[in-house]
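Here are my notes for anyone opening this one for the first time. Have the structure on screen while you read, and go point by point.

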Amino acid sequence: MSDLDRQIRRARQQDGRVDIKALDLPALTHWMADLGKAEPRAREVYRQIWQRGVTDFSQIEKVTKTVLATLAERGVITVLENFATLPSDDGTTKFLWRLPDGGHIESVLIPDEDRTAGRTARYTLCVSSQVGCAMRCTFCLTGDMGLKRNLTAAEIACQVQQVQQHMDTDTPGKRITNVVMMGMGEPLHNFDNLVVSLRTILSQDALNLSHRRVTVSTVGLVPKLQELARLLPVNIAVSLNATTEAQRRTVMPITRRYSMQKLMDACRTLPLPSGKRIIFEYVMMAGFNDTNEDAARLHDLMQGVPAKVNLIPYNENPEREIRRPSDERVRTFQQYLVSRGIHCTVRITRGIDVSAACGQLGKSAESMARRIPQQAATTRSVGLSPRS
Ligand code: SAH
């Protein structure tokens, strides 16, 4: 079976119809092969479902009625049900989507305005890749759910499309500029669907984002990481979160499968486009991985790797005893790395009041609603680059 056939098989629903938003353009073309003029017609259909936001085959223009009737018989066009939109006091908005089988997922829109005067504002969308997550990182609340299921390629890319549609009415003229696969789930654990959705996110005939502005974050599933780097030029982020094997094993069980050593070796030899660096995310937990010794070991680990470090002070929550280090501790840790030539930033905490911050995704809608009145936590980024 060819890759395209496999893609079509994955997109087939129980009723036999194919979810055409779960296909990239080559697969859609392949699927329409028997209808004649497949190449131009598939492109037309692909453009109209992703760029015009057509939700019904009858709305598709420039394709004959008979072809559309056949498509309508064989296919469906997925639309996610947005059952809540929770704006945070700091400008972040969390979108909750209900899936046909009752599961729910979340996307978080993070505007990043006028940091530097005159610079175009950035709108980053944090996208989910699975319902729940199988990785069971001990500090992360999404892990508590376990893995419910993989999202389809359509469900992943639709988050981007539908949040953009929301912005078109809410803040006309504003575009999502960056996409980060940092929502619920481990993207590389849903590899095939992730890749198809990325093709749609990157395609000029579809959502048309630059590969420079799309980032896939992973706990470090080494073979898949290597495969992704070979397939697509997107940015890669690795959640490192520790500086020794033993320490990482206690919080990230995946380390038993792929040791930190294997992970770092893979990172050293990833086929990255020139100038690209791997982002190492490092969730800082007080008394666990925030010491000067950790900073020194992290520095050593980064040697020979085209790396950027992103420190994420732990977002505290009632379900864990874990504490966020003081701002001063974070700053000292950052300073240590920066003064030794490592590019290192600290992630701003956003969306705390709507449980939209890192590691808070996956709580039920009801518990979220209860949290809304909480006060917002906004801190500014302290981005330093070497020598600044
Ligand atoms: N599974 C992928 C994608 C999720 S990204 C990955 O782990 O990379 C989510 C990020 O938030 C990860 O870097 C994770 O380490 C971090 N995180 C999880 N819980 C957190 C918390 N309570 N506070 C801060 N960061 C957290």
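1. One definition before anything else: two strands count as paired if DSSP finds at least two bridges between them. Keep in mind, too, that this is a predicted model.

2. With that in hand, look at the sheet. It's an open one, built from 10 strands with mixed pairing, and the order across it runs β3-β4-β5-β6-β9-β10-β11-β12-β13-β14. The two edges are β3 (81-87) and β14 (344-346), each of which has a pairing partner on one side only. On average, neighbouring strands in this sheet are turned by 20 degrees against each other, ignoring direction.

3. Now go to the β3 edge. β3 runs antiparallel to β4 (residues 93-98), and six bridges join the two. If you want landmarks, Thr85 sits opposite Phe95 of β4, and Glu81 is opposite Arg98, also in β4. The hairpin of these two strands has five residues between them, and Gly91 there takes a positive phi near 100 degrees.

4. Next, the helices. What does helix α11 (residues 327-339) touch when packing on the sheet? Its contacts are with β12 (278-284), β13 (307-313) and β14, and its direction makes about 165 degrees with that of β14. Helix α6 (residues 191-202) packs on the sheet as well, touching β9 (178-181) and β10 (214-218). The direction of α6 makes about 160 degrees with that of β10.

5. Then there's the ligand, with 20 residues around it. Which of them come nearest? Those are Glu186, Ser217, Ser239, Tyr314 and Asn315. Two strands of the sheet are worth tracing here: β10 and β12 each give at least two residues to the shell. Sorted by class, that shell has 10 nonpolar residues, eight polar ones and two charged ones.

6. Let's get down to atoms. An N or O atom in the side chain of Ser239 is 2.6 Å from an oxygen atom of the ligand. Asn241 puts a polar side-chain atom 3.1 Å from a ligand oxygen. With Asn315 it's the backbone that takes part: one of its polar backbone atoms is 2.9 Å from a nitrogen atom of the ligand. How much of the ligand's accessible area does the protein cover? On its own the ligand has 540 Å², and 95% of that is covered by the protein.

Technical notes. Residues numbered from 1 in each chain as written. Predicted model: local features only at pLDDT ≥ 70, side-chain atom pairs only at ≥ 80, totals over all residues. Heavy atoms only, no water. Helix = DSSP H or I, 4+ residues; strand = E, 2+ residues; numbered from the N terminus. Axes fitted to C-alpha atoms, helices over the stretch in contact; angles between N-to-C directions. Contact = heavy atoms within 4.5 Å. Near = heavy atom within 4 Å. Polar contact = N/O pair within 3.5 Å; in protein donor to acceptor, adjacent residues only side chain to side chain. Areas by Shrake-Rupley, 256 points an atom, 1.4 Å probe, with all protein chains shown as cover. Nonpolar A, V, L, I, M, F, W, Y, C, P; charged D, E, K, R; others polar.
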